[in-house]
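Student: I'd love a close look at a single part of this model. Could you take me through the packing at its centre, residue by residue, and show how the pieces connect?

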Amino acid sequence: MPAEPMAPKALADPEALAARRALIDSPHIAPIRALAARISAERGAPVPAPDPLDGGVGARMLLLLETPGPAVLRTGFVTRDSANGTAANLFRFLAEAGLSRADTLIWNAVPWLIHAEGARNRAPRRAEVAAAAPYLAPLLDLLPRLAVAVLAGRFAGEAAPALAALRADLPVIRVPHPSPTYVCTSPEVPERIRRGLAEAAAILDRASA
């Protein structure tokens, strides 16, 4: 297994990206990749794979973002190591919270690519969020060690009732989206993200005690 990147945007390096892609058949992400393939076939759109340096089916924290950005096909992964501002912010926030990569799975509330080729990023539509809702249960079925869910952004936050219905005892933490568009609006936004991730880290610490 390659060493964990020490700085954001690691997958801008073609060699690092090739090394990450060489891990695509890792057993701990295979069931989630199979779910991604099913969603892709049913929705007729690409679904990026989980990062093989993250926890996969062994994850104890689900970090739910909103939807893959238009640039996701450059890597093919849902990862904190992409060469964009959202991933770079996420990399820093997760590192500050001391959350282990092995404990985390990063996924999207709408897991498939909703953008036309060459289009700019946009928020998911209500119909897309509704169409994605049935895929949450099979994802949770693949995460037997899950101890906390962090929902980043307004559309991810709408998964809270479904999570409560599926796993009533699962702590759910809502934070702002880590996109630079939101993070730069007010000093309160990054502080809310930090507080939420620190709370998630404390939950995992207590679960390990």
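Tutor: Here is a walk through the sheet, the cores beside it and one aromatic pair.

Please keep in mind that this is a predicted model. Let's begin with the sheet, since much of the rest can be placed around it. The sheet is open and has 4 strands in the order 4-2-5-6, with parallel pairing. Strand 4 and strand 6 (172–175) form the edges, each pairing on one side only. From one strand to the next, the twist averages 20°.

Going across in that order, strand 2 and strand 4 run parallel and are joined by 5 bridges. One position to look at is Leu 63, which stands opposite Ile 106 in strand 4. On the next step, strand 2 pairs with strand 5 in the parallel sense over 4 bridges, and Leu 64 has Leu 151 of strand 5 as its bridge partner. Another 4 bridges join strand 5 to strand 6, again running parallel. Here Val 150 stands opposite Ile 173, while Ala 152 stands opposite Val 175.

Strand 5 deserves a pause. Of its 5 residues, 5 are buried, so the strand is largely enclosed by the rest of the structure. Val 148, Val 150 and Ala 152 point one way, Ala 149 and Leu 151 point the other way, and all are buried. Strand 6, at the edge, makes a useful companion: its side chains alternate, with Ile 173 and Val 175 pointing to one face and buried, whereas Val 172 and Arg 174 point to the other face and are not buried. As a rule, side chains in a regular strand alternate between the two faces of the sheet. Helix 9 (residues 188–208) lies across strand 2, strand 5 and strand 6, and runs at about 160° to strand 6.

Now for the nonpolar packing. In soluble globular proteins, nonpolar side chains tend to be buried together. The largest nonpolar core in this model has 31 residues, and the members that touch the most others are Leu 62, Trp 107, Trp 112 and Leu 139. Several elements each supply at least two residues of this core, among them helix 2 (30–43), strand 2 (61–65), strand 4, strand 5 (148–152) and helix 7 (160–166). Helix 2 gives the largest share, 4 residues. A second, separate core of 23 residues includes Leu 65, Leu 94, Val 148 and Leu 204.

Leu 62 is a good place to zoom in. Setting aside neighbours within four places in sequence, Leu 62 is in contact with Leu 105, Trp 107, Leu 139, Leu 140, Leu 146, Val 148, Ala 149 and Val 150. Two of the names in that list, Trp 107 and Leu 139, also appear among the core members that touch the most others.

Trp 112 takes us to the aromatic pair. The structure holds 1 such pair. The ring centres of Trp 112 and Tyr 135 are 6.2 Å apart and their planes stand at 80°; planes over 60 degrees apart count as edge-to-face, so that is how this pair is classed. Trp 112 sits in the loop between strand 4 (104–108) and helix 4 (126–132), and Tyr 135 in the loop between helix 4 and helix 5 (136–141), so the pair ties together parts that are 23 residues apart in sequence. How buried are the two partners? The relative accessible area of Trp 112 is 5%, and this residue is buried; Tyr 135, at 8% relative accessibility, counts as buried too. Trp 112 has another partner in Arg 43, which lies over the face of the ring at 4.8 Å from its centre.

Finally, look at Pro 68, found in the loop between strand 2 and strand 3 (77–78). At 4% relative accessibility, Pro 68 counts as buried. Leaving out residues up to four places away in sequence, Pro 68 touches Pro 48, Asn 108, Val 110, Pro 111, Trp 112, Leu 113 and His 115. That list brings us back to Trp 112, which thus touches Pro 68, pairs with Tyr 135 and has Arg 43 over its face.

Definitions and conventions:
Residues are numbered from 1 along each chain as its sequence is written. This is a predicted model: local features need pLDDT of at least 70, side-chain atom pairs count only at pLDDT 80 or more; totals for chains, interfaces and linings use all residues. Side-chain values use heavy atoms; hydrogens and water are left out. Rings of Phe, Tyr and Trp (its six-membered ring) pair if their centres lie within 6.5 Å; planes under 30 degrees apart count as stacked, over 60 as edge-to-face and the rest as tilted. Buried means under 20% relative accessible area, exposed over 50%, partly exposed in between (1.4 Å probe, protein chains only). A charge sits over a ring if NZ of Lys or CZ of Arg is within 6 Å of the ring centre and within 35 degrees of the ring normal. A nonpolar core is a set of buried Ala, Val, Leu, Ile, Met, Phe, Trp, Tyr and Cys residues joined through side-chain atoms within 4.5 Å. Contact means heavy atoms within 4.5 Å. Two strands pair if DSSP finds at least two bridges between them. Axes are lines fitted to C-alpha atoms, for helices over the stretch in contact, and angles run from 0 to 180 degrees between N-to-C directions.
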